[in-house]
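The following exercises are to be worked with the sequence and the coordinates side by side. Each task is followed by a solution that proceeds step by step.

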Amino acid sequence: MTSLETISVAQARRITLAAQGFTDSKPGGTAGPRHVRRVLRRLHLIQMDSVNVLQRAHFMPLYSRLGPYPAGLLERAAYQKPRELFEFWGHEASLIRTELQPLFRWRMARAGEYAWGNMRRIVAEQPELVAWVLDEVRRRGPITANEIEHDAPRRKDHWGWNWSVVKQALEWLFWSGQVTAAERTTSFARRYDLPERALPAAVLNAPTPEPAEAFRSLVELSARALGVAAEPELRDYFRLPTQAARTAVAELVEAGVLRPVTVRGWKPVAYLHADAKLPRRVDVATLISPFDPLIWQRERTERLFDLNYRIEIYVPKPKRLYGYYVLPFLLGDGFAARVDLKANRQAGVLEVPAAWLEPRADQEVTAEALAAELRRLAGWLGLDAVAAPVAGDFAGPLAAAVKAL
């Protein structure tokens, strides 16, 4: 048996950061649509989340790679014609490149397997309500769940996360591809509409690939976005079925698209995309959202960056180690610190409840770079000042660096 090519963890880090777009040239001035498209072609999708303690999650990956950019560019790409992104279940709730929509039709067709229990229950127990809701969208869309509920033919009954039966029906229709998100309201509620009124005709008319072909394409896109990764991480990027992903990986290896490699210190075999680049160095200083695809797979994050990271939003406050909404700080090709952040929009201040230095990071260099990044982030968010960090082993040095700026 031929031994596999071996690469170091440091090389794997640089390959990953290049694949994720962190070595691409920054915009000379304000980022424009072509810069946004470049990032989207790197990542293929962006995770969404309703938490807005700092900034909505889907805006942050672009900021981390481009610096301050007009957030309206992402809104335009997602919700204005010609629509370049669409909402669907990719890696959790996601904004996905619209041209990839045919690759997710297998998931729409299998909504009965993948949708949550309450949604499956509503279509099984009240199919006439689901049909009525779809007809309301067809007649009145784009429309929110609240706007439909007032006219619903059945009493308002709440299941799950306090979702009404109308909302459950809409989400079933969304899962199964019968409706899509036309836009979001200021309160982040979806406005639902028919796909043929929201998505480009060329995309909707594109042929539907066989599931096996879709799986191969999605695994290839995962590998391209990650650069080098183990099979579970390639599968996790688009949340693919286990056996289908394994088969796709084997077929891509046979086709020469993926190359098995050994990463020193890693137990699992890794797969290197044929087009992956190994930059000599990575020069970056930016904060990374908890929902950034760079750190989606926490075990991989620990193997790559020696960063044990967990989001602690749902951890009771007394049990939190670092804070409520903590962002790791990427400096060079590694993580040097992490900060708990909150945008106090009423006061116009970026609050720093806690700051922590990572082991082996240079305190002085990190403090200066992170202070500059906090100023940059505050400006992008429209905040006037950065508050002194309150807690954490890095609060003092970082406070001094922020004050010096």
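**Exercise 1: strands around β10**

Task: establish how β10 is paired with β11 and with β1, and name bridge partners of Val 261.

Solution. Begin with β11 (residues 270-273), which runs antiparallel to β10 and is joined to β10 by four bridges; here strands are DSSP runs of E with at least two residues, helices are runs of H or I with at least four residues, both are numbered from the N terminus, and two strands pair if DSSP finds at least two bridges between them. Within this pairing, Val 261 has Ala 270 of β11 as its bridge partner. Next, turn to β1 (residues 5-7), which pairs with β10 (residues 258-263) in the parallel sense over three bridges, and in which Glu 5 has Val 261 as its bridge partner. Finally, inspect the hairpin of β10 and β11, where six residues lie between the strands and Gly 265 adopts a positive phi near 90°.

Before going on, note that this is a predicted model, in which local features need pLDDT of at least 70 and side-chain atom pairs count only at pLDDT 80 or more, while totals for chains, interfaces and linings use all residues. Residues are numbered from 1 along each chain as its sequence is written, and side-chain values use heavy atoms, with hydrogens and water left out.

**Exercise 2: the sheet that contains β3**

Task: determine the strand order of the open sheet of three strands, and state which strands are at its edges.

Solution. The order is β2-β4-β3, and the pairing is antiparallel. The edge strands, each of which pairs on one side only, are β2 (45-47) and β3 (85-90). From one strand to the next the twist averages 35°, where axes are lines fitted to C-alpha atoms (for helices over the stretch in contact) and angles run from 0 to 180 degrees between N-to-C directions. Between β3 and β4 (residues 92-97) there are six bridges, and Leu 85 stands opposite Arg 97 in β4. One backbone detail remains: Glu 92, which lies in β4, has a positive phi of about 60° although it is not a glycine.

**Exercise 3: where domain 1 meets domain 2**

Task: describe the contact between domain 1 and domain 2, and find which element gives the most residues to the domain 1 side.

Solution. Start from the bounds, which come from an automatic or database domain assignment: domain 1 is 6-101 + 208-273, and domain 2 is 115-199. Their C-alpha centres lie 29 Å apart. Contact (heavy atoms within 4.5 Å) involves 14 residues of domain 1 and 15 residues of domain 2. The buried area, meaning the accessible area (1.4 Å probe) that two parts lose on being put together, summed over both, is about 1300 Å², with 63% given by carbon and sulfur atoms. Arg 83, Glu 87 and Trp 89 supply 47% of the area that domain 1 buries against domain 2, more than any other three residues.

Now count the polar terms. There are two salt bridges between the domains, a salt bridge being a side-chain nitrogen of Lys or Arg within 4 Å of a carboxyl oxygen of Asp or Glu. Glu 87 forms a salt bridge with Arg 184, where the closest N and O atoms are 2.8 Å apart. As for the element sought, β3 gives the most to the side of domain 1 that touches domain 2, with four residues.

**Exercise 4: cis peptide bonds**

Task: locate the cis peptide bonds that precede Pro 82 and Pro 142.

Solution. The bond joining Lys 81 and Pro 82 is cis, with omega about -5°, and Pro 82 lies in the loop between α4 (72-79) and β3. The bond joining Gly 141 and Pro 142 is also cis, with omega about 0°, and Pro 142 is placed in the loop between α8 (127-140) and α9 (145-149).
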